[in-house]
Amino acid sequence: MILQELNRYYERLLADPERDVPARHWSVEKAAWELKLSRDGRLLGAYQLTAGTGKELRRFVSLRVPEHTTRSGTGMLPFFLCDNAAYLLGYDEKRGPDKLASAHALHEAVLGECDDEGAQAVLRFFEREDRDADLDEGVRSELAEGGGFAVFRLDGDRGRLHERPAVAAAWASYCDGQAAGEVVGQCAVTGEEGPLARLFPQVTGVPGAQSAGASLVSFNLQSFESYGKSQAYNASVSEAAAFNAGSALRQLCADREHRVRIGETTVVFWADRPAPAEDLVMLGILDPDELDRAEDQNAVQEVRAALESMERGLPLAGVDTETRYFVLGLAPNAARLAVRFFETSTLGRMAENFGAYLRDVSMADVRARSLRTLLLQTAPMGSADQLPSTLVNGCIEAMLTGRAFPQALYYAVLSRMRSDHARRNSWDMGQRAALLKACLVRRARLGAENSNGEDGAARADEERSLDVDLDKKRANRGYVLGRLFAVMEHAQRSALGEVNATIRDRYIGAASTTPARVFPHLLHNTQNHLSKLRKFNPGLCVKFEKANDEIMAMLDGPALFPKTLDAEDQGEFFVGYYQQRVDLWKKHDDEANAAADADDTDDETETN
């Protein structure tokens, strides 16, 4: 199904006059040099091709050129009218003459019967012994050492030589002739009879894969083959369908408006029809941060309004919600591409699931809700390279389909909470608490939906529901202990000011797993902190004492502090801790503002 949809997508791109995509037997490559030829085949000069300026300067330009295939092994494989200096000029110490001879043979086979003056100039170029006599020694060195593909231009022409109609026709005729001798069979994608692809086109633009490209369809060992077929003949995909699917995938991987990268996973998406407005909404769903790079700010504002509508559960306006989208996740695997997931649904359905995701991860004072940003909180030092692809893939599927988040996400967040205490920046703790909340809320919701009895479902939902802000009525033991720990930390900070290590730095890991070991000791220290605070800020001391008494009253049973907390209660602990912490700071800010307003009022009264 993936190849079938990619084939359809590329056929639609070819039919679109506004999209300049290469047809079969052509590809887009990065050319670094332009070689200018005279009519008699002399090389008049070599000029470096560049694009952009300043920091954006690139010493190459992307051009549509005759198709390049994959070079592998030690055999000779020249490219037509776009190749490196080793093949076009023989600049290779070991095999230069052999490579030059193979390139000469290819161009002779393609252009031997072409009467075009540009074609004849190329043939004369390969026949000359002094083809590069007019080049400066410095240019020769750059061509030999710098690498990069070079294209030809006939002196006096505005276009490049491979763009001349007669030359393009000769290349198409040559390719069709080569395909005539290939294996013929029924294409598994289109159902039509035709030459089958021996190799699937190489896809470039996937980070981590080989720079020359990686293949989506590949058979390189006999254990993968069947019925005596070798290489991609096992897939039974026609040359045309393979080219279309590979070219479509290259286009998507190179298009920032249809591609998102999360860790090592490259996510591409496309619709079943031209849909620019819907594409922008889909980009916002997969990674809202990518919207900042869009040029049309009016459209971006509309998309942001659409995202807010999704979060509130309102229907989307201004877009066709019946547009079907295809979302493909790829990961590099040496010379091949691994398909991590493939999801297809309507935009309306995906938007509905994304709205549920936004509500699940919504947390007090947490602004970042992009899945890519949140998942960075599970990686050591926030490094995207350390994100496990299996974790990324499961989370994207959960976001798009409404399924449960992978269990590995929950334990990864708990591990990061205990190991570094979320001290890298001021928002880490909130983002991690948001992920824990999302896992707990979604697990409870899906469990309630699968419950056999309505009473059981309602009870499960009530027990595991978590709000965006602090819930003072929530009696879950892990949640209550997290709240108590936040009050203790705030009391210590208020009494002692900035210290080298707070109780969070020293005890939060143990407090969230084995409360009975640390909470009695922490309660004793808290009384000392309150005693000190009572001397210079009795009002704040009373506030902490009330909060402490209120929370302690919710801890009932023969043992106030359990010996251990299970994994779910540990997540509740960190959510309760963060929400109580935010609530304390908010009240502190409100009280400070009220005091400042009162001082201003007193000053005005004295002035009058």
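**Exercise 1. Two packed helices**

Task: In this predicted model, work out how helix 10 and helix 12 are oriented to each other: roughly parallel, roughly antiparallel, roughly perpendicular or oblique.

Solution:
- Step 1. Two packed helices are described by the angle between their axes and the distance between the axes.
- Step 2. Helix 12 covers residues 389–401, and helix 10 packs against helix 12 at an angle of about 110°, with 6 Å between the axes.
- Step 3. Angles of 65 to 115 degrees count as roughly perpendicular, so helix 10 and helix 12 are roughly perpendicular to each other.
- Step 4. Now look at who touches whom. Helix 10 contributes Met350, Asn353, Phe354 and Tyr357, while helix 12 contributes Met399, Leu400 and Thr401.
- Step 5. Sorted by class, the residues of this contact are five nonpolar, two polar and no charged.

**Exercise 2. Residues with positive phi**

Task: Find where Ser236 and Asp365 sit, and decide whether Ser236 is buried or exposed.

Solution:
- Step 1. Most residues other than glycine have a negative phi.
- Step 2. Ser236 has a phi near 55°, a positive value in a residue that is not glycine. Asp365, also not a glycine, has a positive phi of about 65°.
- Step 3. Ser236 belongs to the loop between strand 9 (214–215) and helix 7 (239–254). Asp365 belongs to the loop between helix 10 (347–361) and helix 11 (371–375).
- Step 4. Buried means under 20% relative accessible area. Ser236 has 15%, so Ser236 is buried.
- Step 5. Asp365 has a relative accessibility of 38%, so Asp365 counts as partly exposed.

**Exercise 3. A cavity and a pocket**

Task: Describe the lining of the largest cavity and then that of the second largest pocket.

Solution:
- Step 1. Across the whole structure, one cavity of 30 Å³ or more is found. The largest cavity holds about 30 Å³ of space.
- Step 2. Its lining is made of Ala197, Phe200, Val217, Ala232, Ala235, Val237 and Ala242.
- Step 3. Check the classes of these residues: seven are nonpolar, with no polar and no charged ones.
- Step 4. Turn to the second largest pocket, with about 860 Å³ of space. Its lining has 34 residues, and those nearest the centre are Glu257, Pro276, Ala277, Asp279 and Leu280.
- Step 5. Helix 1 (2–15), strand 11 (265–271), helix 8 (276–286) and helix 9 (297–312) each give two or more residues to this lining. Helix 8 supplies the largest share, six residues.
- Step 6. By class, the pocket lining has 18 nonpolar, two polar and 14 charged residues.

**Exercise 4. Two residues in helices**

Task: For Ser102 and Pro515, name the helix, judge the burial of each and list the contacts beyond four places in sequence.

Solution:
- Step 1. Ser102 is part of helix 3 (residues 96–111), and Pro515 is part of helix 18 (residues 515–536).
- Step 2. The cut-off for buried is under 20%. With a relative accessible area of 16%, Ser102 is therefore buried. Pro515 has 0%, so Pro515 is buried too.
- Step 3. Not counting neighbours within four places in sequence, Ser102 touches Met76, Pro78 and Tyr87.
- Step 4. By the same rule, the contacts of Pro515 are Leu481, Ala510, Pro520, Phe561, Pro562, Lys563, Thr564 and Leu565.
- Step 5. Finally, follow a distance through the model: the C-alpha atoms of Pro515 and Asp296 are 53 Å apart, with the two residues 219 residues apart along the chain.

Definitions and conventions
Residues are numbered from 1 along each chain as its sequence is written. This is a predicted model: local features need pLDDT of at least 70, side-chain atom pairs count only at pLDDT 80 or more; totals for chains, interfaces and linings use all residues. Side-chain values use heavy atoms; hydrogens and water are left out. Helices (H or I, at least four residues) and strands (E, at least two) are DSSP runs, numbered from the N terminus. Buried means under 20% relative accessible area, exposed over 50%, partly exposed in between (1.4 Å probe, protein chains only). Axes are lines fitted to C-alpha atoms, for helices over the stretch in contact, and angles run from 0 to 180 degrees between N-to-C directions. Angles under 35 degrees count as roughly parallel, over 145 as roughly antiparallel, 65 to 115 as roughly perpendicular and the rest as oblique. Contact means heavy atoms within 4.5 Å. Ala, Val, Leu, Ile, Met, Phe, Trp, Tyr, Cys and Pro count as nonpolar, Asp, Glu, Lys and Arg as charged, and the others, Gly among them, as polar. On a 1 Å grid over the protein atoms alone, a cavity is a set of points where a 1.4 Å probe fits but cannot get out, and a pocket is an open set with protein on both sides within 12 Å along at least five of seven lines; lining residues have an atom within 4 Å of a point. Grid points are joined across faces, edges and corners, and a volume is the space filled by probe spheres set on the points.
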